[in-house]
Structures are given as structure tokens and as C-alpha cells.
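Open the structure in your viewer and keep the selection tool at hand. We will go from stop to stop, picking something out each time and looking at what is there.

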Amino acid sequence: MKNPGFFTRWFHRMASPVWFYQISGKLLPWLWVLFAVLLVTGLYGGLVTAPADYQQGDSFRIIYVHVPAAWMSMFVYMVMAVSGAIALIWRMKLAEMVMVSCAPIGAGFTFIALVTGSLWGKPMWGAWWVWDARLTAELILLFLYLGVIGLYSAIEDKRMASRAVAILALVGIVNIPIIHYSVEWWNTLHQGATVTKFDKPSIHIDMLIPLLLMAGAFKVFFAISLLLRTRNELLERELPRQWVKQLVEEKDG
Amino acid sequence: MRLDVVGLHCTRGYRSLFSELAFTLEAGQLLLVEGHNGSGKTTLLKTLAGLREPDAGQVLWEQQQPIVWLGHSNGIKDDLTALENLQMMQVMAGADSLLRRDAKSCISTLERMGLAGNGHRFPRHFSAGMKRRLALCRLLLSSACLWILDEPQAALDKAGIQLFEALLAEHLAQGGSAIMTSHHHVGLQGSHIQRLLLAA
Amino acid sequence: MRLDVVGLHCTRGYRSLFSELAFTLEAGQLLLVEGHNGSGKTTLLKTLAGLREPDAGQVLWEQQQPIVWLGHSNGIKDDLTALENLQMMQVMAGADSLLRRDAKSCISTLERMGLAGNGHRFPRHFSAGMKRRLALCRLLLSSACLWILDEPQAALDKAGIQLFEALLAEHLAQGGSAIMTSHHHVGLQGSHIQRLLLAA
Amino acid sequence: MAEFFHMGGYALYVWTSFGIAAVVLLLNIVLPLQQHREVLRRAADFHELEGRTKQ
Amino acid sequence: MHIAKAFLSVLKRDVTVAFRHRNEIFNPLLFFSLVTLLFPLGIGPSPKLLQTIAPGILWVAALLAALLAADNLFRSDYEDGTLEQLVLSPQPLSLMVTAKVLAHWLVSAVPLLLLTPLLAVSFGLDAPTIGVALLTLLLGTPVLSFVGAIGVALTVSLKRSGMLLALLVLPLYVPVLIFGSNAIDTAASGLPVNGQLYLLAAMLVLAVTLAPLAIAAALKMSVSQ
Amino acid sequence: MHIAKAFLSVLKRDVTVAFRHRNEIFNPLLFFSLVTLLFPLGIGPSPKLLQTIAPGILWVAALLAALLAADNLFRSDYEDGTLEQLVLSPQPLSLMVTAKVLAHWLVSAVPLLLLTPLLAVSFGLDAPTIGVALLTLLLGTPVLSFVGAIGVALTVSLKRSGMLLALLVLPLYVPVLIFGSNAIDTAASGLPVNGQLYLLAAMLVLAVTLAPLAIAAALKMSVSQ
Ligand code: HEM
Ligand SMILES: Nc1ncnc2c1ncn2[C@@H]1O[C@H](COP(=O)(O)OP(=O)(O)OP(=O)(O)O)[C@@H](O)[C@H]1O
Ligand SMILES: Nc1ncnc2c1ncn2[C@@H]1O[C@H](COP(=O)(O)OP(=O)(O)OP(=O)(O)O)[C@@H](O)[C@H]1O
Ligand SMILES: [Mg+2]
Ligand SMILES: [Mg+2]
């Protein structure tokens, strides 16, 4: 193959650690700006301009952290599983690192969804926690993330550990549809699809827009945190390499 | 049937054990890997056997071609009798051996390895050397061309070591090849023996 | 300080390994137990160390007097660093050693055994020979008069074996005594060396 | 303003939610940054040691 | 046909080993009955209450028994080095692994199925419900074995892994638990349970086809440390 | 004072090892919460029902966690040969063993105590009941550790002992389970629970004084094979 296609070239460059380290360093400031904009507008819209819900009053404002976090908890898992697949199939080291970096962030989002959900549940359902299908499924997602983190830290050789984690992440994917459809499969206390019914979202537009802004902010936040963690992972693994040496020397000198 | 190793590089943790290692092993040749404790012999052998992935470089060996591997652990099951262990070794050795699989060949193998009369005993009741002898039976049960052995003589008494060396010599004479480490003196001699010194 | 063995009889299963075994080991003497694989060396050593009870006969050794035991397994913890392992060895060696327990003596012990620089590493990252060297450190850390060692040279390279023999010679010269098995040639010589051949 | 913080009587729930979310998100930035410094330090140590042993 | 022969040899070997240590067959059984027994002790002997929670208890006990039994699926093979030999063998690894899991299921779960009716009767379940309970266990326990085997394969190289295994595997067991106990519950109220049974069957098919690949990959990883 | 020093060294060593593998502390915790989680999944989400069976569930989960954690109390020591060294050491064996069990309890049970209030709240227990639950666990879990250690010491030389251990130990755990969960139950109905607590305390004293001797004897037996 004389002239590798654009994709192949891109793929190989993506796999090159130095290149990734540099480009991500350049990308980060822009992501920060985007995040700040989305967060401020979203918070302002959600906490100030959106009208109070006629049933739930102001307590509904928890939606602006709860729902984005809940969505992200599932999205991050998907990212983790997909990079796990790439890592397993093409042995791409960068995908391994992305996968491993996803787990703590996803666990964080899941934790937020759980805590804010139960804070919302107390005024709405009168209990901090009910053993409802969706709630339980989300709790299980947290355990899946913890399992990934636990397995990765338990195996010392990090290349082996990432292979193990990739397998686990792929197997654990079965839980995602369960979380999503739990509200349909069992009659539960938890809200059914209100926002994600795209044909006719059953939520007021003034409430919806800030929600989407917050969801965007959370996505960008994920990107930032992921890059930070992946860069650390990369440095950790490439510690003896020349480029890390240069980097350290530049920092020191 | 030859083994080519090019540019092999292995690390443990952040430490590089060896790099740019290259050699060729032809039919009938023996490679003795030498080096002090901790120099990376076991790591090299595991990599050659395909149990570990090298950090760089390649091990070129004909695909699908089986090998015999014997590491620091014996790979025998304490809960199967010696004979049943041999039968499992045959199954694991691949399709050929399933055809000529019979109890008789197993019994004669045991006899040859000095374990006559122990066929129906369990290896958990064997001494360290007897276990090693049982593990070495797989050399006789497999038709693989390449043997990779990590300190095969460990725990063997003098008679056991002589027995092993005879087996090895026979295998080489028949055009097989082998790679092994040993802290013992190896009695074989000749131009078909290469030595590789690992010095980290 | 002498060890008296009278009328010792040991069986495994229904098989009698040796019977009416008797010997005396005085200060400064070394007993080399020899025999083919499965002849009962390990069983004898475990009985002498007090880990097994003999079927008949007695092992007379001054009560409460500590010994050093090293079996086929190393007795080191993979999850403690090499130095921490040495400290535990000191604790286990008994009260005396608690008094003169200090990190410095541990470090110099490691150096002596050729493990300098590995003090803060974990034995699970050691090679087979390095683990054995670490296990042998207990010879240096204990003040026990009697050493009972089952194939101490297993997995050691040539330098390691020399090191061990030097330690042993020193121990004997200082009036200690030792019992060991070995399939290796043992380099020591002199009238203080007894040999015991087990032939089942 | 006071009304804004009062959240129609749900202040405790709403602000704790936002607060906990903020803390977790913040941790997700602070920990990696801390780790980054740690890794760079270890890399420096490593290469310094390496340089010394080579001489 | 060599492959089939090898499959059968491995199956036979593992069953033989298990029958040799008879406790490998009796122990999950006893564990299962002990755990089901602990509840009446912990909760109190109200028959009404026990009947309500019986499906849940049966399934939780089955699940814990499966978890505990799984732990020695590959461990001894790893420790004595036969796992290395299995991985290096020219025989297809995922098939050999399937044979091992199947043997494990035969030995650890089938006796448990045979005991279930007895325990179910002691909790006051009626005959049709017991039938459904058996059916769910028949479909569900192989899934537990296969999924458990993945977890074991991932952790076998670790020294102290019992708990980590639980952490990895229990979340994956949850769907089986939910549908299994839910089916019994539904049957107890006299409703049809086809839906749950189909779902369990689907999980079984999925597990049997995909898990061996995951197990094989995980074992290769574990051996290479 | 040498003995005290040796006792502390062993205690410190075991705690160090556990802290080094952090999962040894987190895993019993996670297992405990996962098992408590299984019940609502298996039994169904009715809060009333769950509240009734909560004491039983908490105690059964604690008991199983103790059982699983016990398994690696002496196993790794046996396998790497340090147990032989311990038995041959001139230090008094039963004391060294007490140190090991104590370390094990600190590492595996104490975190579990800390988690209990959270789980109890999720089952809807009230504050005084939670206090009693904690007290029973505080008194009961050391008994579980000591009794478990006897079982482990007896079975450590066997290859596949997980289940056998469960069989040996669970019957001995039953009294603790009964008094423990009964105390919580009683407390939930607002009655005094002194009787149960005294009994648990008596068991604790008995376990601490007698178990070490049994453990030491069992270990000597196990090592001599
Ligand atoms: C601990 C308790 C809770 C947990 C674990 C939880 C979890 C989740 C999850 C995982 C989602 C995303 C589902 C998906 O996209 O498929 C979600 C969405 C949502 N939750 Fe919760 N939740 C909890 C409590 C609550 C409460 C109390 C309310 C309100 C009364 C609520 C309202 C919503 C809404 C409105 C959505 C968006 C639904 C959509 O359109 O997708 N949640 N929750
Ligand atoms: N646990 C056991 N149960 C029953 N029999 C055993 C057991 N261990 C060893 N034996 C038998 O006892 C005999 C002596 O074993 P022992 O381990 O003492 O031999 P050894 O001289 O140390 O051999 P080696 O040189 O191979 O280490 C052997 O024939 C063996 O079959
Ligand atoms: N699992 C491991 N993790 C990290 N490092 C390891 C591991 N195993 C071995 N090492 C390190 O790799 C180096 C080579 O080990 P290896 O086992 O290959 O040595 P060896 O030449 O076989 O030694 P021996 O003669 O003692 O068997 C050693 O320095 C050891 O510290
Ligand atoms: Mg080696
Ligand atoms: Mg021996």
C-alpha cells in the first residue's frame, strides 16, 4: 500500500502517543471555554428563568443535574465499552487508556445520578430510596464501574489489566438496555421517558432548553476529564520513553 | 521447521530485560539460555512459547504447529491419577495423538520415566522429583518439534537428569529442536548446541 | 547441643519409607541426606523439624531450642517487600532477634545474598532464583544452631550456590549443625560431613 | 434573592443536589490534575535515576 | 471429530475429578440448603411471610451457591500450571473452555435442581409453582455458570480474588435473578410466565454462544502474567 | 514484652498487607452491599415487606461476607510456606494466631460496620434500631471471625475447600445469627434487647479465649501433611 488512505493515516497518528499528548494539550483550553459557556447559560436558564413546575414546585430543578448525570452515566459506559472493543480487536493502546479513564468518570456521574435522584425522591415519593427497577439498575451500573476500577487496580501489568477490563466492559453492556427499559418492563415509581420522546417531548420548552444546555455542558465536561485522565495514563505507561524525558526536562528547565 | 526471532525486546515493569535479541533455531538444534538469577530467562521462554507478548520484535514460528512447554510449574493435576494425567496430556497435545492414544503407550511412558507402578497413584502423593518426572512425560507423548523447557532438571535426582538428557539427545537426533534453561551442567555436546547468555 | 535420632520409622500411606533409622549429629556437623526421587528425604526432614510425627522412634532435640527450616516452598510473602519479609523472619526467629532487630542488618543481609537494591520490591516480582535467595536470608537472620534444609540450592545459579556453601561452611565452623538434602554436588569436604543414604 | 435561595421550600434538596454534583465534578478535575503532577514527578525521578546509573 | 473427542475428554476429566472429591457435588447442595435455611432462622418462622419471600430466597441462594462454586473453576488449573498447557494446546480454547463450564454446571448446579422441589415444598409453594421454579433454574443456572466463568477467568491470576469475583459477577447475575424470581412469583399468583421464560432462554443462548469467547480471551490474558 | 512485640508485629504485618491490596477492605464491603441488594431484587420492592425482613437480610449478608472473607485468612500463608514457619517459630502459636484473626476482623468486618447504617436506612429502619443492629454486629462479627478461623485452619490444606468450609462453619454461625437478628427485630418493635446482647457478649468472650487454642491445634495438623 503506497498511499495509505486518510483514515489509515489518521488512525496511526491517533495511536501515536506524542501526537495525542500534544493535540489534547492544545484542545483542552477550548473545551474549558465551551464548558463554561454551556454551564453558565444552562444554570441560569434552569435555576432562574425556567418556571416552577405546577406539581413539583421548585424541586423539579434537580432535573438539571439529575437527568444530565443519569444520561452521562450510560453514555460514558458506552464510550468505555466501544473503546474496549477497539482495544481488544486492534490492540490500540490509546483506546485502552481511554477505556480505563472512562471508569472513574462514569462512576462519578452514576453517583451523582443516584444521590440527586434520591434527594429528589424524598420530597416526591416520600422516601430516600425505594427498591425500584430503574434505581436498582442504576445502582448496579455503579457496581459495574466499581468492578472495572477494582479489576484494573488489582492486576498489576497494565496492558494485561486493560485487556481484562475491556472484556468485562463488553460483557457488562447488557445492563444498559436494562436501565433504559426498566421503566417500561416493570411498573415503577420512576418517571418514564419524558424528554427522550423526541416526537413530542412532554416537557415545557423553557424547561427543556436549559436541560439540553446542561446535558451539553456535562458532555464537554466528560471530554475534559477524559482527556486529563488519559494523558496521565499515557505518561504513566510511557514513563521510560524519550519523549517523556524531554517533557520533564522542558518543565524543569 | 525453523524458529526465527528478530529484534525481540521484553520489559518487566519499567525495566528492560533484553532488547534486539535475534537468533535462528534450525531442526536438530538446541539453544541453551544462560544467565544469572533474575536475568530474564523465564521471561524469554514464555515469550517464545507465546504465553507473553513481546514489547517489540517478533517470534516467527509456523502457525498452528504445536510446541511442548514446561515451565517452573509442572502442569499436572493432583486429582487425576498419573495415567489419567498422561491421557490428558495426549488430548492436549493435539489431534494426531488422539489417534494413537492408548493406555499401553501411557504405561510404557511411565516406565521409561522411572515411575513404573505409580500409574494409579495420585500425584499429590508424589515427591517433588516424581512430579517433575511425570511432567516430563509430555516430552514423550507429544509429536511437537519444538520443546521449550524452563529448568527441566529441577528436583530430579542424578538418574532422572541422565534420563532427561537421553530423551533430549534422541529428540535432537530425530530433527527436533529445543530451547532450555538450566543451572545444572548439561551433559550434551556438539556443534548443534547454541548458547545464549542473558546478562541484564 | 546435639541431635539424637533413635529408631525412627516413617510411613506414607501403607508404605514404609525407612525404619530403625538412628544417628547423632553433634555441633559443627553436617548431615547430607541422599536418595533417589521419592526415597523419603523430605519426609525425614519434616519429621526432624517437628512438622510430622514419626510412626515410631524419637527425635531428641533440646526443647524450645529454635531451628531454621527451609522446605520445598520458600516461606516468603509475596505481598510484603523483601525488607518487610526479613523483618518478619526476625520476629519469627524468636525473642533474641527482636532485640537486635534493625533495618540496617536486614539491608546488609540482602546485600550479602545478592539482592542489593531489591529491598523495596515485592517478591512476586522476583524470579524463581531471587525468591530462593530471599528465603535463604533466614539463615543469616536466625541464631538457631540447627539448620534443616530441603534442597536449598534449587533454582539458584552458580554464584548463588557458592554463596550458600560459604554460609553453610561458616555456620559449621561456628559450631552450628545442619541437615540437608541436595541433588546438586555439594562442594564442602571434611570429616564433619556425614552422609545418610535413604534407599527405599 | 432570598426567595431564589429558598427554592420554594425545597432549598435543602435542590442545593444539596447541586452541591454534591459540583463536588463530584470538581473531584473529577482535581484528582487527575494532582495525579498529573505526581506522574511528572515520578517520571523526573525515574529519568534522573536512569541518568545516574548510566554514567 | 478430533475436536469432539477432545471436548468429551475434557468434560469427562472434569466430571471425574469432581466425582472423586465427592464434596464438590454435595457442597453446593449443602450450601444451597443452608442458605435457604438461614432465612427462616434470621427472619422468623411466619409461614405466610416465608411463602411470599420464597422465590427470592431460592434464587438468591442458587446465585450465591453458583458464585461460590465458580471460584474453583479455573483456580486449581491455574495454580498447577495445567491452564498454561490448555492455552498452548492446539485444540480450540473456547471449545475446551465450554467443556469445562459444562462439566462445572453438571456437577454443581444439577444436584441443586434436584433438591429444589424439596426446599420449595418446605416453604409452602404449590406444585405448578415448583414446576416453574425448576424451569427457571434449569434455564438460569447455566447462564450463571457461564457468566461466573468469565469473572473467574479474569481474576484467576490474582491471589485474593474471592471478593473481587463477587463484585464483578453479581451485577451481571442480576438480570437472571430478576427474571427468575419474578417468574416464580408470577406463577404463584396463577399468571402465565411465558415472557420471563423466553427471556431466560434468550439469555441462555446468548451466554452459551458469546461467553466462551470472552472466557478464552480472559484466560489467555491471565496466563500471560 | 517480647511476646507483645511479636503479637503487634504480626498484627501490623497483616493489616499492612491488607491495606496494600485495597480491595481486601473494599471487597467485603461491596459484597455485603451487593448481597443486601440482591434481596430486594429477588423479593420485590415492597417497602413494608423489606422492612420486616431487613434484620434477617443484614445478618445473613454479614455472615456470608464473614464466611467469604475468612477463606483467605490462612490460605496464602499455607501456600507460600509461611504457615510452616509460623508453626515452627518459638513464639507462642495461639497468640500469633489471635493477632492474625484480629487483623482479619479489623480489615474485613469493621468497614462493614461502618456501612451498616446506610444499608439499614435504605431498608427503612429507624435510628434506635440501627443502633442495636450496629451493637449486635460489633459483638457478633468477632465471633464469626474466630469461629471461621477454626474452620479455615482445619481445611486450609485441602485444595477445593470453599464449600467444605461453609459447611463446617455455617452451623456454628447459626446461634450468632439467631440472637443477632432477633435482637434487631425486638428493637424494631420497641422492646429491650439486653438479654440478646449479653448472650452475644458471652459468645464473644468464649470465642476469644477458646478459639485460638483450637485454631493453633488445627494449623499444626494442617501443616503436617
Ligand atoms: C435514586 C433515585 C433515582 C435514580 C437512580 C434515577 C435514575 C435515572 C436514570 C438512570 C435516568 C436515565 C434513564 C434513561 O435515559 O434511560 C433517569 C432519568 C430521569 N429521572 Fe431519575 N432517578 C432517580 C430518581 C428520580 C426522581 C425522584 C425523579 C422525579 C420525580 C426522577 C426523574 C427523572 C426524569 C424526569 C428523567 C428523564 C427521563 C427521560 O426522559 O429519559 N428521577 N433517572
Ligand atoms: N502427601 C503424601 N501422601 C502420601 N504419600 C506421599 C506424600 N508425599 C510423599 N509421599 C510418598 O512418600 C515417598 C517419599 O516422598 P518424599 O517427598 O519424602 O521424597 P523425597 O526423597 O523428598 O523425593 P524428592 O527427591 O523427589 O524430593 C514418595 O514415594 C511419595 O510417593
Ligand atoms: N511478574 C513479574 N512482575 C514484574 N517483574 C517480574 C515478574 N517476574 C519476574 N520479574 C522480574 O523480571 C526479571 C527476570 O525474571 P525471570 O523470571 O525471567 O528471571 P530468570 O532468568 O528466569 O531467573 P531464575 O534463574 O531465577 O529463574 C527479574 O529481575 C524479576 O525481578
Ligand atoms: Mg526462571
Ligand atoms: Mg523432596
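Which pattern does chain A follow when it is read along the sequence? Select chain A, colour it by secondary structure and trace it from its start: the pattern is α-α-α-α-α-α-α-α-α. That gives nine helices and zero strands in chain A. Keep in mind during the whole tour that this is a predicted model.

**Stop 1: the annotated spans of chain A**

Stay with chain A and switch on its surface for a moment. Of its 253 residues, 57% are buried. Now hide the surface again and select residues 69-90, 97-121, 133-152, 164-183 and 203-228 of chain A, which an unreviewed UniProt entry lists as "transmembrane region".

Two of these spans are good places to pause. Start with residues 164-183 of chain A: this stretch is 90% helix and 0% strand, and 32 Å separate the C-alpha atoms at its ends. Then move to residues 203-228 of chain A, where the helix share is 92% and the strand share 0%. Draw a distance between the end C-alpha atoms of residues 203-228, and you should find 35 Å.

**Stop 2: a turn of the backbone in chain A**

Next, select A:Arg91. Look for this residue in the loop between helix 3 (63-90) and helix 4 (93-125) of chain A. A:Arg91 is not a glycine, yet its phi is positive, at about 55 degrees. Is A:Arg91 buried or exposed? Neither label fits: A:Arg91 is partly exposed, because its relative accessible area is 40% and the partly exposed class runs between under 20% for buried and over 50% for exposed.

**Stop 3: chain D**

Move on to chain D, which has 55 residues, 33% of them counted as buried. Chain D has two helices and zero strands. Select residues 12-33 of chain D, the part that carries the UniProt annotation "transmembrane region", again from an unreviewed entry. This span is 100% helix and 0% strand, with its end C-alpha atoms 31 Å apart. If you show the surface of chain D, about 3600 Å² is exposed, and carbon and sulfur atoms supply 65% of that area.

**Stop 4: ligand 3**

Now select ligand 3 and centre the view on it. Between which chains does ligand 3 lie? Ligand 3 is found between chains B and C. Show the 21 residues around ligand 3; those that come nearest are B:Thr42, B:Thr43, C:His125, C:Ser127 and C:Gly129. By class, this shell has four nonpolar, eleven polar and six charged residues. Strand 2 (15-25) and helix 1 of chain B, along with helix 5 (128-141) of chain C, each supply at least two residues of the shell.

Zoom in on three side chains of chain B in turn:

- B:Arg12 has a polar side-chain atom 3.4 Å from a nitrogen atom of ligand 3.
- B:Asn37 has a side-chain N or O atom 3.1 Å from an oxygen atom of ligand 3.
- B:His183 has a side-chain N or O atom 3.0 Å from an oxygen atom of ligand 3.

On its own, ligand 3 has 630 Å² of accessible area, and the protein covers 90% of it.

**Stop 5: the magnesium ion of chain B**

Select the magnesium ion (ligand 4). Which residues coordinate this ion? They are B:Thr42, through OG1, and B:His72, through NE2, at 1.9 to 2.5 Å. B:Thr42 lies in helix 1 (residues 41-49) of chain B, and B:His72 in the loop between strand 5 (67-70) and helix 2 (82-93), so the pair ties together parts 30 residues apart in sequence. B:Thr42 is partly exposed at 22% relative accessible area, and B:His72 is also partly exposed, at 39%.

**Stop 6: the magnesium ion of chain C**

Now select the magnesium ion (ligand 5). Its protein donors are C:Thr42 (OG1) and C:His72 (NE2), 1.9 to 2.5 Å from the ion. This pair links distant parts of chain C, 30 residues apart: C:Thr42 sits in helix 1 (residues 41-49), and C:His72 in the loop between strand 5 (67-70) and helix 2 (82-93). C:Thr42 is partly exposed, at 23% relative accessible area, as is C:His72, at 38%.

**Last stop: C:Ala155**

Finish by selecting C:Ala155, in the loop between strand 6 (146-150) and helix 6 (158-173) of chain C. C:Ala155 is a residue other than glycine with a positive phi, near 70 degrees.

Terms used:
Residues numbered from 1 in each chain as written. Chains lettered and ligands numbered in written order. Predicted model: local features only at pLDDT ≥ 70, side-chain atom pairs only at ≥ 80, totals over all residues. Heavy atoms only, no water. Donors = N, O, S within 2.8 Å, 3.2 Å for Na, K, Ca; no water. Helix = DSSP H or I, 4+ residues; strand = E, 2+ residues; numbered from the N terminus. Buried < 20%, exposed > 50% of the residue type's maximum accessible area, 1.4 Å probe, protein only. UniProt positions renumbered as here; feature names shortened; annotations may be inferred. Near = heavy atom within 4 Å. Polar contact = N/O pair within 3.5 Å; in protein donor to acceptor, adjacent residues only side chain to side chain. Areas by Shrake-Rupley, 256 points an atom, 1.4 Å probe, with all protein chains shown as cover. Nonpolar A, V, L, I, M, F, W, Y, C, P; charged D, E, K, R; others polar.
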